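This briefing sets out the computed structural features of one protein chain, grouped by topic. Please read it alongside the sequence and the coordinates.

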Amino acid sequence: MMSLERFEDLAEIYGGDIARWPEGEREAARALLASEAGRLTPVLAAAAQLDRLLDLAPAQSPDAALMGRLISAAPQPAGGGRRWIAGLSAALGLSAAAFAGVLVGVTAGRPAPMAAPVAVTTAAEPVVTAVDTSAALQDAIAEPAAL
């Protein structure tokens with residue numbers, strides 16, 4: 001429920017047209033106007049008369065020199081507005097470098113795939129010519145009878 005004082009305050013601030021008042025206040029204002037029309041109609045009429053007088057005042061464009069002084073006197077943002085973008089770029093670059101280092105570390109520790117032993121038959125006996133560092137091959141080298 002809107003009070004008479006609140007209605008009068010809104011009329012002074014926003015004028016004689018309730019449609020230009022804040023949306024949250026309009027319904028209560030219209031309800032109060034319906035119930036107290038005799039008391040509030042002069043309030044709206046006075047506000048509407050002031051609206052018409054203000055509409056008659058010529059609109060002036062701002063002075064360019066004044067605009068320049070106001071803009072130059074306005075506080076400047078500290079450090080620029082794009083500082084966070086530079087920080088984000090640096091963080092992404094460091095993350096990419098760290099990921100590449102981990103990837104190289106993980107893949108460099110893996111043994112290279114071993115070549116399958118190839119048996120070459122000569123006239124005398126088979127000879128193993130492939131490079132294989134597996135334990136079974138080293139055992140075979142240590143004990144040739146195992147072949």
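Is E36 buried, exposed or partly exposed? With a relative accessibility of 26%, E36 counts as partly exposed, because that class lies between the limits of under 20% for buried and over 50% for exposed. The model discussed here is predicted. Its secondary structure comprises six helices and two strands, and the points below begin with the protein as a whole before turning to individual residues.

**Overall architecture**

- Read from the N terminus, the elements follow the order α-α-α-α-α-β-β-α.
- The protein has 147 residues, of which 14% are buried.
- About 11700 Å² of the protein is exposed, and carbon and sulfur atoms supply 63% of that area.
- Of the contacts between residues at least 6 apart in sequence, 37% join residues at least 24 apart.

**Helix 2 and its two sides**

- E25, A29 and L32 are the buried residues of helix 2.
- Viewed down the axis of helix 2, these buried residues fall within an arc of 65 degrees, so they line one face of the helix.
- The packing partners of the buried residues of helix 2 are helix 1 and helix 3.
- The exposed residues E23, E27, A34 and S35 are found on the other side of helix 2.

**Salt bridges**

- The structure contains three salt bridges.
- One of them joins the side chains of R6 and E25, with an N to O distance of 2.7 Å.
- Because R6 belongs to helix 1 and E25 to helix 2, this pair ties together parts that are 19 residues apart in sequence.
- R6 is partly exposed, at a relative accessible area of 35%, whereas E25 is one of the buried residues of helix 2.
- Another salt bridge pairs R20 with D51, whose closest N and O atoms are 2.9 Å apart.
- This pair links distant parts of the chain: R20 is in the loop between helix 1 and helix 2, D51 is in helix 3, and 31 residues separate them.
- R20 is partly exposed, with a relative accessible area of 49%, while D51 counts as buried at 17% relative accessibility.
- R39 and E36 also form a salt bridge through their side chains, at 3.7 Å from N to O.
- R39 is exposed, its relative accessible area being 53%, and its partner E36 is partly exposed at 26%.

**Aromatic pair**

- A pair of aromatic rings is described by the distance of the centres and the angle of the planes.
- The count of aromatic pairs comes to one.
- The ring centres of F7 and W21 lie 5.0 Å apart and the planes stand at 65 degrees, so the pair is edge-to-face; the cut-off for this class is an angle over 60 degrees.
- The pair connects distant parts of the chain, with F7 in helix 1 (residues 4–14) and W21 in the loop between helix 1 and helix 2 (23–35), 14 residues apart.
- F7 and W21 are both buried.

**The loop between helix 1 and helix 2**

- G15 is located in the loop between helix 1 and helix 2.
- G15 is buried, with a relative accessible area of 3%.
- Apart from neighbours within four places in sequence, the contacts of G15 are L10, W21, A47 and D51.
- One of these partners, D51, is 36 residues from G15 in sequence, yet the C-alpha atoms of the two are 6.2 Å apart.
- D17 is situated in the loop between helix 1 and helix 2, and its relative accessibility of 37% makes it partly exposed.
- The C-alpha atoms of D17 and A48 are separated by 7.0 Å, although the two residues are 31 residues apart along the chain.

**Nonpolar surface patch**

- A nonpolar patch on the surface is formed by L50, L53, L54 and L56, which together have about 450 Å² of accessible area.
- Within this group, L54 lies in helix 3 (residues 37–56).
- L54 counts as exposed, at 56% relative accessibility.

Conventions
Residues are numbered from 1 along each chain as its sequence is written. This is a predicted model: local features need pLDDT of at least 70, side-chain atom pairs count only at pLDDT 80 or more; totals for chains, interfaces and linings use all residues. Side-chain values use heavy atoms; hydrogens and water are left out. Patches are made of residues with over 30% relative accessible area and no salt bridge: like charges are joined within 9 Å, nonpolar side chains (Val, Leu, Ile, Met, Phe, Trp, Tyr) within 5 Å. Accessible areas come from the Shrake-Rupley method with a 1.4 Å probe; for residues, only the protein chains shown count as cover. A salt bridge is a side-chain nitrogen of Lys or Arg within 4 Å of a carboxyl oxygen of Asp or Glu. Helices (H or I, at least four residues) and strands (E, at least two) are DSSP runs, numbered from the N terminus. Buried means under 20% relative accessible area, exposed over 50%, partly exposed in between (1.4 Å probe, protein chains only). Rings of Phe, Tyr and Trp (its six-membered ring) pair if their centres lie within 6.5 Å; planes under 30 degrees apart count as stacked, over 60 as edge-to-face and the rest as tilted. The arc is that of the directions from the helix axis to the C-beta atoms. Contact means heavy atoms within 4.5 Å.
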